Amino acid sequence: MKKYDERETLFSRINLEKGTKEYNEFYSKHKDLKHKDDSIRRISFRHVLRKSEEFKDLFFPLTINNKLYIKNLHDMVVNYEVKDKVEIPKGFSKNIKEIAKYYGATDVGIVKLDKYSYYSHSGGLSESLGIDNYNDLIKPKYKTGIIFTVKMDLEFMNRAPNFEELLTTEQAYLRVAEVSARLALYLKSIGYDAYASNSETYLAPLVPLAFDAGLGEIGMSNHLVTLEHGDNVRLGAVFTNMELDTDKPVDFGLHDFCKKCALCLINCPSNSISHLPRMVNGRQFYKFDENSCFELWVKTGTDCGVCIQSCPFTQGLDLDRVAGSRGNDNLIEELVQEHIKKHTRREYTKEDLDIVKIGEDE
Ligand code: SF4
Ligand code: SF4
């Protein structure tokens with residue numbers, strides 16, 4: 001087992017400023033990454049969206065204060081003191097899951113955390129929270145991870161890689177921050193220390209934990225693929241010292257399904273996805289070119305989302321038949337072909353949604 005290091009993630013790497021001590025230190029150890037990271041270093045890409053200036057003036061501000069909102073939620077949790085402890089009854093995991101759903105989570109699972117769950121160091125990605133934590137050691141302080149999904153809007157995602165994709169992604173990040181903040185506040189108010197993860201702060205990578213929590217399996221896209229919403233979900237987490245019953249990974253046969261499907265790989269406009277397995281701490285991921293993926297974002301002005309939109313699980317499958325498809329290649333093939341017949345190889349709608357349509361009838 002190897003500890004994850006947030007400093008090795010793409011966003012942390014390309015956030016480093018050329019010539020700084022941190023930059024020199026990192027690339028002296030990772031020479032192979034320097035050249036390709038330099039070409040996408042500290043690039044903001046939203047302005048390149050192929051839309052009129054009028055469109056940008058009218059609709060870019062839709063998400064203008066999202067990060068400030070997330071910062072306020074984050075500060076509220078950090079500044080809230082842990083109150084007197086209320087003993088929890090046996091089986092309280094069930095309540096916690098329902099509470100997370102009440103706050104807005106789509107699905108919830110619980111895992112036991114160990115030192116390999118956490119990042120070893122922070123990657124300095126919390127600037128918007130007013131935190132400079134690059135290189136900080138992360139102490140594995142919490143025992144339990146409450147991991148949850150928040151589904152995104154399919155109508156929006158089916159416009160990917162257009163602006164609507166970005167809108168539903170940002171909306172889901174906001175919802176993740178709300179759910180995690182409210183859940184952490186609740187836990188602290190009944191005497192259990194808690195940390196609310198959100199898009200601006202992670203103590204651990206969430207895909208492995210979401211897999212362990214039984215929320216889905218890891219698909220060829222390297223995303224968590226859920227049975228009901230595919231990878232059209234964002235992940236959130238609250239870490240706490242409340243001890244809860246935990247969940248187990250699920251196996252609905254996604255590895256075999258991906259082998260017959262590969263639609264995310266076929267549709268990916270930057271050829272970033274591969275079918276080659278890559279084991280990371282005992283979980284199967286796939287080899288992936290994160291740099292070429294980000295290069296595509298820089299061209300489209302959104303964070304793409306074509307792989308999410310391409311997944312048959314995102315568009316909806318007959319789950320009774322999926323349940324019977326494990327080890328049955330013919331049935332998987334049938335499900336994939338039926339999906340293609342109904343949705344084509346990629347479900348895509350060009351027409352703008354009303355929320356960003358300009359100059360239509362009153
Ligand atoms: S986000 Fe787009 S470019 Fe990146 S892997 Fe998915 S489909 Fe490919
Ligand atoms: S699109 Fe197909 S290959 Fe890709 S993750 Fe979904 S099921 Fe797997």
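**Exercise 1. State which domains the protein chain has, and describe the contact of domain 1 with domain 2.**

Solution. Step 1: the assignment, which is automatic or taken from a database, divides the protein chain into domain 1 (57–240) and domain 2 (254–356). The model is predicted; local features need pLDDT of at least 70, side-chain atom pairs count only at pLDDT 80 or more, and totals for chains, interfaces and linings use all residues. Residues are numbered from 1 along each chain as its sequence is written, while chains are lettered from A and ligands numbered from 1 in the order in which they are written.

Step 2: over C-alpha atoms, the two domain centres are 23 Å apart. Domain 1 contributes 31 residues to the contact and domain 2 contributes 32 residues (contact: C-beta atoms, placed from the backbone, within 7 Å).

Step 3: on the domain 1 side, two or more residues each come from helices H7 (154–157), H8 (163–189) and H9 (206–212) and strand S4 (217–218) (DSSP runs numbered from the N terminus: helices H or I, at least four residues; strands E, at least two). H8 gives the largest share, five residues.

**Exercise 2. Characterise the shell around ligand 2.**

Solution. Step 1: ligand 2 is surrounded by 14 residues, the closest being Gly219, Cys258, Cys261, Cys264 and Cys311 (near: C-beta atom, placed from the backbone, within 6 Å).

Step 2: helices H10 (254–261), H11 (263–267) and H14 (312–315) each supply two or more residues to this shell. The largest share, three residues, belongs to H10.

Step 3: domain 1 and domain 2 each provide at least three residues of the shell.

Key:
Contact = placed C-beta atoms within 7 Å.
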